[in-house]
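Here are a few exercises to work through with the model open beside you. Try each one before you read its solution.

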Amino acid sequence: PQLLTLEQTQEIYLELLQEFDGVCRQYGLRYDLCGGSMLGAVRHRGFIPWDNDIDLSMPRPDYERLLELQREGKLRLPGHRQVVSERDKTFPRHFARYVRHDVKRVSEMAEDWDCPYIGIDIFPLDGVPADERSFARQIKKIRRLRRFLLTSVEKKGTSRRGKAAAMVKNLYRPILRLIGSYRLAHMLDK
């Protein structure tokens, strides 16, 4: 398979965003750019020069409606497109992804079975607890579960924090895989 340049990848992501925008308009769903995608739009009037993805956020009610439409088969999407999520066991993450099945991505970290398609990440946007202690507990739980989830889908011997961290992850990765990436994603989505 031919590897795409960063510019070609960004063009595909822009095309996906335009399609997804049309889907959202059709169903009255709200979304916003978030993370590096928002920063790139504001600061660079496009992508951050080295960025190779798009991140969106959706208010929780719109996110739930999107997943419901997908689950019920009522979501009309262009060919080779799908919304994948932990809800229908198509993507073991705490967020959904609008994917294009005819373009695969290469990841040095993720296992081959972990959604090998190029796609836009769609994060549900929830409120936060009013009191600081509850908020701090929520953040701590999210960070821990997210770390466990990402470790469960990473290839053996990989870590963004170096070889020592990779060795430690190799010790508890089998336990996380027994728990299951979909169960971890579901726990994060609560």
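## Warm-up: loops and backbone

**Exercise 1.** Is His80 buried or exposed? Then look at its backbone and say where it sits.

*Solution.* Keep in mind that this is a predicted model. Start with accessibility: His80 has a relative accessible area of 52%, and the cut-off for exposed is over 50%, so His80 counts as exposed. Next, place it: His80 belongs to the loop between α3 (60–71) and β3 (81–84). Finally, check phi, which is near 60° and therefore positive, in a residue other than glycine. For background, most residues other than glycine have a negative phi.

**Exercise 2.** Do the same for Arg45: which loop holds it, and what is its phi?

*Solution.* Arg45 sits in the loop between α2 (35–43) and β2 (55–59). Its phi is positive, about 55°, and it is not a glycine. Arg45 is exposed too, at 77% relative accessibility.

## The sheet

**Exercise 3.** In what order do the 5 strands lie in the sheet, and which ones are at the edges?

*Solution.* Walk across the open sheet and you get β1-β2-β5-β4-β3, with mixed pairing. The edge strands are β1 (32–33) and β3, each of which pairs on one side only. Now take the pairings in turn:

- β1 and β2 are antiparallel, with 2 bridges; Leu33 has Leu56 of β2 as its bridge partner.
- β2 and β5 run parallel and are joined by 5 bridges; here Leu56 stands opposite Ile122 in β5.
- β3 and β4 run antiparallel, with 4 bridges; Val84 is opposite Arg97 in β4.

**Exercise 4.** Why can β2 be called largely enclosed by the rest of the structure?

*Solution.* Count the buried residues: 5 of the 5 in β2 are buried, so the strand is largely enclosed. Then split them by direction. Asp55, Ser57 and Pro59 point one way, while Leu56 and Met58 point the other way.

## The cores

**Exercise 5.** Which members of the largest nonpolar core touch the most other members, and which element gives the largest share?

*Solution.* This core has 24 residues, and those touching the most other members are Phe20, Met58, Leu66, Ile120 and Ile122. Two or more residues come from each of α1 (6–27), β2, α3, β4 and β5. The largest share is from α1, with 8 residues. Zoom in on Phe20: beyond its neighbours within four places in sequence, it is in contact with Leu56, Met58, Leu66, Tyr98 and Ile122. There's also a second, separate core of 6 residues, among them Leu145, Leu149, Leu176 and Ala185. As a rule, in soluble globular proteins nonpolar side chains tend to be buried together.

## A pocket

**Exercise 6.** What lines the second largest pocket, and which residues are closest to its centre?

*Solution.* First, its volume: about 470 Å³. Of its 20 lining residues, Pro124, Asp126, Gln138, Ile142 and Leu188 are closest to the centre. Next, sort the lining by element: β5 (117–125), α4 (132–153) and α6 (181–189) supply at least two residues each, and α4 has the largest share with 7. Last, sort by chemistry, which gives 10 nonpolar, 4 polar and 6 charged residues.

Conventions. Residues numbered from 1 in each chain as written. Predicted model: local features only at pLDDT ≥ 70, side-chain atom pairs only at ≥ 80, totals over all residues. Heavy atoms only, no water. 1 Å grid on protein atoms, 1.4 Å probe; cavity = no way out; pocket = protein on both sides within 12 Å on 5 of 7 lines; lining within 4 Å. Points joined across faces, edges and corners; volume = space filled by probe spheres on them. Nonpolar A, V, L, I, M, F, W, Y, C, P; charged D, E, K, R; others polar. Buried < 20%, exposed > 50% of the residue type's maximum accessible area, 1.4 Å probe, protein only. Pairing = 2+ DSSP bridges. Core = buried A, V, L, I, M, F, W, Y, C linked by side-chain atoms within 4.5 Å. Contact = heavy atoms within 4.5 Å.
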